[in-house]
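Please open the model in your viewer and keep the sequence panel beside it, since this tour moves from one selection to the next. At each stop, make the selection first and then read what is there.

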Amino acid sequence: MEGYDQFKEKIFAKTKLDLSLYKERQMKRRIESLISRHGLQDFESYFQLMNRDKDVYDEFVNYLTINVSEFYRNPAQWEMLRSEVFPAILKRTKRPKIWSAACSTGEEPYSLVMCLSEFLPLRDIKILAVDFDSEALNKAQIGMYNEKSIKNVPPAYVERFFEPVGKGYRIKDDVKNCVEFKKMNLLRDDYPKGFDLVVCRNVMIYFTEEAKDEMYRKFYESLSPDSYFFVGSTEQIIQPQRYKFESNRTFFYYKK
Ligand SMILES: C[S@@+](CC[C@H](N)C(=O)[O-])C[C@H]1O[C@@H](n2cnc3c(N)ncnc32)[C@H](O)[C@@H]1O
């Protein structure tokens, strides 16, 4: 399909989302399939439709940001977090600063709260959770989930932290109150600082090498000394020492 370069420029002007920092082939293919779904033939007419119809625009952002998530995604890594990484962090501070970067619909930050609740009272838990997609953030704040997304949650935690609503489960307010949700573009905005744990999982895979390179440097700067960076199960960092990270446990990197 014609006109992708101009489309990227217009999307940047409209949303500040720089599509050229996402892997091109994958991103272009996804947008083309969305355009075809609307019965259109080219990027320009799709952009115009998006400008006329807010629902089409919201659908676009929602579709290309790929919100798939679940509680305790890759449970073995969460077990490592629970049994080794949190105890190490909590030796140093009883009020850890934690950042879930690209939190999607909330499963990740709420899992962090549940996991930490083994060590701390809920009132001492504060997680910053950011995402670019406002619709995902709205869903996170509503906190309704289906059976499938909670399949890895220990039954005792389902009992304690969720209330059944119809066929689904709503996360309880005392867990919600531990999380501050914010809209943020990880490719552009300034990164907050002073964290003991940064969790950024299953989003870097969509970015170009150049974009990732810069993000690793920024995440490193976001961490306090003696702290950890937790990545997704296909996102191991090649040569972490380039970013001054030490490879600590699989999928966890350490800042000295
Ligand atoms: C597949 S989800 C990952 C959710 C969660 N971290 C997990 O591992 O289950 C990817 C998320 O990245 C977000 N995202 C994509 N580009 C982004 C950007 N430039 N800034 C912030 N979030 C972004 C999407 O909106 C989406 O919610």
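Begin by selecting Leu-120, which you will find in the loop that runs between α6 (107-116) and β2 (127-131). Bear in mind throughout that this is a predicted model. Is Leu-120 buried or exposed? Its relative accessible area is 7%, and because buried means under 20%, Leu-120 counts as buried. Now add Lys-94 to the selection and draw a distance between the two C-alpha atoms: Leu-120 and Lys-94 are 26 residues apart along the chain, and their C-alpha atoms are separated by 7.8 Å.

From Leu-120, step back along the chain to α6 and select residues 107-116. This helix is mostly covered, with 10 of its 10 residues buried. If you colour the helix by accessibility, the buried residues of α6 include Glu-107 and Glu-108, as well as Tyr-110, Leu-112, Val-113, Met-114 and Leu-116. Pro-109, Ser-111 and Cys-115 are also among the buried residues of α6.

Next, select the ligand and show the residues around it. There are 22 residues around the ligand, and those that come nearest are Tyr-22, Ser-69, Arg-73, Asp-131 and Asn-202. Sorted by class, this shell holds 11 nonpolar, 6 polar and 5 charged residues. If you display the pockets, you will see that the space taken by the ligand is the largest pocket.

Which atoms of the ligand should you look at for polar contacts? Start with the side chain of Ser-69, where an N or O atom is 2.5 Å from an oxygen atom of the ligand. Then turn to the side chain of Asn-202, in which an N or O atom is 2.7 Å from an oxygen atom of the ligand. For a backbone contact, select Ala-102, where a backbone N or O atom lies 2.8 Å from a nitrogen atom of the ligand. Taken alone, the ligand exposes 610 Å², and the protein buries 99% of that.

Keep the ligand in view and select Arg-73, one of the residues that come nearest to it. Arg-73 is located in the loop between α4 (54-64) and α5 (75-92), and with a relative accessibility of 23% Arg-73 counts as partly exposed. Adding Ser-233 shows a pair that is 160 residues apart in sequence, yet 9.0 Å apart in space from C-alpha to C-alpha.

Move on to Lys-176, whose place is in helix α9 (residues 173-176). At 17% relative accessibility, Lys-176 counts as buried. Display its side chain together with Gln-141, and you will find that the side chain of Lys-176 reaches the backbone oxygen of Gln-141 at 3.1 Å.

The last two stops concern backbone geometry. Most residues other than glycine have a negative phi. Select Lys-16, in the loop between α1 (4-15) and α2 (24-37); Lys-16 is not a glycine, but has a positive phi of about 65°. Lys-16 is partly exposed, with a relative accessible area of 35%.

Finally, select Lys-244, which lies in the loop between β8 (223-231) and β9 (246-249). Lys-244 also has a positive phi, of about 70°, although Lys-244 is not a glycine. At 53% relative accessibility, Lys-244 counts as exposed.

How values were computed:
Residues are numbered from 1 along each chain as its sequence is written. This is a predicted model: local features need pLDDT of at least 70, side-chain atom pairs count only at pLDDT 80 or more; totals for chains, interfaces and linings use all residues. Side-chain values use heavy atoms; hydrogens and water are left out. A residue is near a molecule or strand if one of its heavy atoms lies within 4 Å of it. A polar contact is a pair of N or O atoms within 3.5 Å; within protein, one must be able to donate a hydrogen and the other to accept it, and residues adjacent in sequence count only if both atoms are side-chain atoms. Accessible areas come from the Shrake-Rupley method with a 1.4 Å probe; for residues, only the protein chains shown count as cover. On a 1 Å grid over the protein atoms alone, a cavity is a set of points where a 1.4 Å probe fits but cannot get out, and a pocket is an open set with protein on both sides within 12 Å along at least five of seven lines; lining residues have an atom within 4 Å of a point. A molecule sits in a cavity or pocket if more than half of its atoms lie within 2 Å of its grid points. Ala, Val, Leu, Ile, Met, Phe, Trp, Tyr, Cys and Pro count as nonpolar, Asp, Glu, Lys and Arg as charged, and the others, Gly among them, as polar. Helices (H or I, at least four residues) and strands (E, at least two) are DSSP runs, numbered from the N terminus. Buried means under 20% relative accessible area, exposed over 50%, partly exposed in between (1.4 Å probe, protein chains only).
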